Amino acid sequence: MTQQPLRLGTRRSRLAMAQSGQVADTVSQVTGRPVELVEITTYGDVSREALSQIGGTGVFVTALRDALLRGEVDFAVHSLKDLPTTQPEELVLAAVPEREDPRDVLVARHHLKLTDLPRGARIGTGSARRAAQLNAYARAHGLDIETVPIRGNVDTRIRYVHDGELDAVVLAAAGLSRIGRLDEVTDFLSVDTVLPAPGQGALAIECTAGNADLIAALGELDDPFTRVAVTAERSLLAALEAGCSAPVGALADLPPLTAPLERGGPQAERQIVKEMRLRGVVGTPDGTRTVQLSTTGPVPETHDQALALGRGLAAEMLAQGAAGLMGERAQ
């Protein structure tokens with residue numbers, strides 16, 4: 001007897017379809033059941049407004065969650081950095097698979113790196129976080145750049161460079177990897193230059209809280225280290241009372257293993273390590289003022305310990321004036 005396929009809710013973008021397809025294949029292997037993709041259009045997909053104007057928080061997520069709650073899909077795949085920090089009681093984050101490269105990357109004309117861009121170079125990004133850190137880096141290193149707000153999918157953003165409208169755009173390494181376009185990258189930005197968004201490079205697999213069998217099956221895809229790392233990052237974001245579109249960068253990592261990320265090289269092989277470092281940054285969009293701090297402690301063994309790591313660093317950042325740099329704080 002043929003089993004009913006599991007229905008996976010996904011955004012319609014090329015990137016969302018690619019990452020959901022990869023998850024679908026893995027879930028099918030784990031459960032022995034076919035998985036079909038159900039394409040759902042979110043408000044963030046159809047609005048042409050800047051994310052900072054429409055709020056950012058949840059604009060790519062709400063329609064997927066509504067479909068879950070109505071029973072139209074069995075589970076949904078999100079880019080974790082798009083998830084609001086408050087989890088609805090009716091839904092559960094069943095799995096956070098192993099994270100891809102969390103860094104941001106530059107796609108520039110003439111294969112240029114960030115430090116080689118001409119004076120007055122126009123760099124496109126839809127992220128206040130990226131703009132703040134790029135402008136701060138440029139100020140500190142004598143670069144003359146202009147950050148230009150853009151929207152659109154990966155193809156649209158890269159086309160701005162190919163068509164000569166912009167000198168470069170900044171994108172997430174993980175997204176380009178998932179759609180097979182890493183060869184477009186001209187510079188992997190060190191995490192010392194631009195800290196990624198909380199949760200960047202990670203996926204979130206969500207289903208209804210009452211579906212115990214599916215929660216157990218999806219749990220096979222969970223990576224415990226990725227989960228505690230992104231929990232700490234998102235805890236920092238929540239404690240700053242900031243939404244997904246706020247100019248907040250955060251990364252929880254393993255200090256002995258992440259020198260390559262700081263140099264801009266590939267990630268190191270995972271080893272046994274006992275300490276986690278959490279870094280956070282908040283800045284004004286023009287890069288004139290930033291608060292950047294870090295803390296190091298034992299790798300969290302529980303959800304609560306990961307939450308505490310993020311809250312502790314956020315408290316230090318707020319004490320140094322972080323709230324005043326974010327413009328609007330989430331209500």
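Two strands count as paired here if DSSP finds at least two bridges between them. Keep that in mind for the stops ahead. The model on screen is predicted.

**Stop 1: the five-stranded sheet**

Select residues 121-125, strand β6, and residues 168-172, strand β8. These two strands run parallel and are joined over two bridges. Now pick isoleucine 123. Its bridge partner in β8 is alanine 168.

Widen the selection to the whole sheet. The sheet is open, has five strands and follows the order β7-β6-β8-β5-β9. Its pairing is mixed. Which strands are at the edges? They are β7 (145-149) and β9 (187-188), and each of them pairs on one side only.

Next, add helix α5, residues 128-141. Helix α5 packs on this sheet and touches β5 (104-108), β6, β7 and β8. The direction of α5 makes about 175 degrees with that of β7.

Then add helix α6, residues 154-162. Helix α6 also packs on the sheet, where it touches β5 and β8. Its direction makes about 155 degrees with that of β8.

**Stop 2: the loop before α5**

Select serine 127. This residue is in the loop between β6 and α5. Is serine 127 buried or exposed? Buried: its relative accessibility is 18%, and the cut-off is under 20%. A polar atom of its side chain lies 3.2 Å from the backbone nitrogen of arginine 129.

**Stop 3: the three-stranded sheet**

Move on to β11, β12 and β13. In that order they form an open sheet with antiparallel pairing. β11 (248-253) and β13 (290-298) stand at the edges with a single partner strand each, so one side of each has no neighbour in the sheet. On average, neighbouring strands here are turned by 10 degrees against each other, direction ignored.

Zoom in on β11 and β12 (residues 275-283). Six bridges link this antiparallel pair. Try aspartate 253: its bridge partner in β12 is arginine 277.

Bring α5 back into view. Helix α5 packs on this sheet as well, touching β11, β12 and β13. Its direction makes about 85 degrees with that of β11. Now show helix α11, residues 303-319. Helix α11 lies across β12 and β13, and runs at about 40 degrees to β12.

**Stop 4: the nonpolar cores**

Select Leu236, Leu240, Val248, Val282 and Met317. They belong to the largest nonpolar core, which has 26 residues, and they touch the most other members. Which elements supply at least two residues each to this core? They include α9 (224-239), β11, β12, β13 and α11.

Centre the view on valine 282. Beyond its neighbours within four places in sequence, valine 282 is in contact with residues including Leu240, Pro247, Val248, Val291, Met317 and Leu325. Arg289 and Thr290 are also among its contacts.

Apart from this core lies another, of 16 residues. Val23, Val35, Phe75 and Leu203 are among them.

**Stop 5: aspartate 74**

Finish at aspartate 74. Where is this residue found? Look in the loop between α4 (62-69) and β3 (75-79). Aspartate 74 counts as buried, because its relative accessibility is 17%. A polar atom of its side chain lies 2.7 Å from the backbone nitrogen of arginine 7. Show the surroundings: not counting residues up to four places away in sequence, aspartate 74 touches Pro5, Leu6, Arg7, Leu68, Cys207 and Leu214.

Notes: Residues are numbered from 1 along each chain as its sequence is written. This is a predicted model: local features need pLDDT of at least 70, side-chain atom pairs count only at pLDDT 80 or more; totals for chains, interfaces and linings use all residues. Side-chain values use heavy atoms; hydrogens and water are left out. Helices (H or I, at least four residues) and strands (E, at least two) are DSSP runs, numbered from the N terminus. Contact means heavy atoms within 4.5 Å. Axes are lines fitted to C-alpha atoms, for helices over the stretch in contact, and angles run from 0 to 180 degrees between N-to-C directions. Buried means under 20% relative accessible area, exposed over 50%, partly exposed in between (1.4 Å probe, protein chains only). A polar contact is a pair of N or O atoms within 3.5 Å; within protein, one must be able to donate a hydrogen and the other to accept it, and residues adjacent in sequence count only if both atoms are side-chain atoms. A nonpolar core is a set of buried Ala, Val, Leu, Ile, Met, Phe, Trp, Tyr and Cys residues joined through side-chain atoms within 4.5 Å.
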